[in-house]
Amino acid sequence: MADRRHSPTSGPSDPEALAALLEQTLSGASGRSLAGGAVRQTVQALGRAIVAGHYDASRPLPTETELAAEYAVGRNAMREAIKVLAGKGLIRTARRYGSRVRPREEWSILDPDVLAWLLREPDGIGRFLVEISELREIVEPRAAELAATRATDEEAEAIVALAARLAVETMPQVLDTDVAFHLAVLNASHNRLLSGFARPLDVLLRVQFLVSAHGIAAEYAYSPSADYHMGIAEGIRGRDPRKARDAVMAMLTRNRGIAEKVAGPS
């Protein structure tokens, strides 16, 4: 059960409203500054349509002129929108053969916009929660082990301080602190490749926490799990890799159990 003190008092209760919240919250995290206005709106509309399967991947997309008419925008706005969506891996452009929708496995799944559009699918929320739980189980336990052996004293104390804040902060500040905690552990591993994963993990965690806070039943809603986090932090400060790893696994196992209930039968 969620800690009611941290539960949202109100918020989106359907995938459409949740996706809109995610798009608003994560709009600056996609790595490309859009021109706003018509281009941004066209990227959103065409991107959603592609993810929803409105265009047959085995056939060329309509021409720029046809798409511009369909979405009631100018050709220049549509051309720029197609470039942005190509950068997100959704579209392959070729002068001779026309533009096509790429296979789903080629989409930039870590892009915040693409994630938000996928969450609009009927199974989007449950599937995402299960997949992020699986990903975190692969990455975070080992990162915590490494942090317990490699973190500086200052890094270890900072991680403990973040864990302590989770016990007293309320929404929405607690979400930022939760993300900061996990990124601090990742960086304290002093593994350059793990640290390089910090930006994608930042986006994924924010999506997970927002979904959990606003997009699922109250009985499964977001909780900062302060005790679990303090267990991880104490393992790192105490230079106890096994304790740190076990605390991470205990938390993530709980999260996966909730995710599987939200997702329902596979």
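Begin by selecting H190, which at 41% relative accessibility counts as partly exposed. In this predicted model, H190 is placed in the loop between α8 and α9 (192-196), and its phi is positive, at about 55°, although the residue is not a glycine. Most residues other than glycine have a negative phi, and most peptide bonds are trans.

**The chain as a whole**

Zoom out before going further and colour the view by secondary structure, which in the protein chain comes to 12 helices and two strands. Followed from the N terminus, the elements run α-α-α-α-β-β-α-α-α-α-α-α-α-α. Of the 266 residues of the protein chain, 47% count as buried. Among the contacts with a separation of 6 or more, 72% are accounted for by residues 24 or more positions apart.

**Two more places to check in the backbone**

Select A72 next, in the loop between α3 (64-70) and α4 (75-87). A72 has a positive phi of about 55° although it is not a glycine, and at 70% relative accessibility it counts as exposed.

Then move to the peptide bond from M171 to P172, which is cis, with omega near 0°. P172 belongs to the loop between α7 (153-166) and α8, and α8 is the helix to keep in view for the next two stops.

**Helix α8 against α10**

Show α8 together with α10, and look along the pair: their axes come within 10 Å and cross at roughly 150°. Angles over 145 degrees count as roughly antiparallel, and α8 and α10 are therefore roughly antiparallel to each other. The crossing of these two helices is right-handed.

To see the side chains involved, select L175, D176, D178, V179, H182, L183, L186 and N187 on α8, which meet A198, L201, D202, L205, R206, F209 and L210 on α10. Sorted by class, the residues of this contact divide into nine nonpolar, two polar and four charged.

**Helix α8 against α11**

Keep α8 (residues 173-188) displayed and add α11 (residues 226-237), whose axis lies 12 Å from that of α8, the two helices packing at an angle of about 25°. Because of that angle, α8 is roughly parallel to α11. Here α8 passes α11 in a left-handed crossing.

On the α8 side, the residues to select are D178, F181, H182 and V185, and on the α11 side they are H229, I232, A233 and I236. By class, this contact has five nonpolar, two polar and one charged residues. D178 and H182 of α8 are worth labelling, since they take part in the contact with α10 and in the contact with α11.

**The aromatic pair**

How many aromatic pairs does the structure hold? There is one, and selecting F209 and Y222 brings it up: the pair is tilted, at 5.4 Å centre to centre with 55° between the planes. F209 sits in helix α10 (residues 198-214) and Y222 in the loop between α10 and α11, so that the pair links parts of the chain 13 residues apart.

Are the two partners buried or exposed? F209 is buried, with a relative accessible area of 6%, and Y222 is likewise buried, at 5%.

**Helix α6 and its distant partners**

For the last part of the tour, select A147, which is found in helix α6 and is buried, with a relative accessible area of 0%. Leaving aside residues up to four places away in sequence, A147 touches V185, A188, S189, I236 and R239. Two of these, V185 of α8 and I236 of α11, also belong to the contact between those helices. Measure from A147 to A244 as well: these residues are 97 apart in sequence and 8.6 Å apart in space, C-alpha to C-alpha.

Finish at V130, which is also in α6 (residues 124-150). V130 is buried, with a relative accessible area of 17%, the cut-off for buried being under 20%. V130 and E260 are 130 residues apart in sequence, yet 6.1 Å apart in space from C-alpha to C-alpha. With residues up to four places away in sequence not counted, V130 touches A259, E260 and A263.

Technical notes:
Residues numbered from 1 in each chain as written. Predicted model: local features only at pLDDT ≥ 70, side-chain atom pairs only at ≥ 80, totals over all residues. Heavy atoms only, no water. Axes fitted to C-alpha atoms, helices over the stretch in contact; angles between N-to-C directions. Helix = DSSP H or I, 4+ residues; strand = E, 2+ residues; numbered from the N terminus. Parallel < 35°, antiparallel > 145°, perpendicular 65-115°, else oblique. Left-handed = near helix turned anticlockwise from the far one by under 90°. Contact = heavy atoms within 4.5 Å. Nonpolar A, V, L, I, M, F, W, Y, C, P; charged D, E, K, R; others polar. Phe/Tyr/Trp six-rings, centres within 6.5 Å; stacked < 30°, edge-to-face > 60°. Buried < 20%, exposed > 50% of the residue type's maximum accessible area, 1.4 Å probe, protein only.
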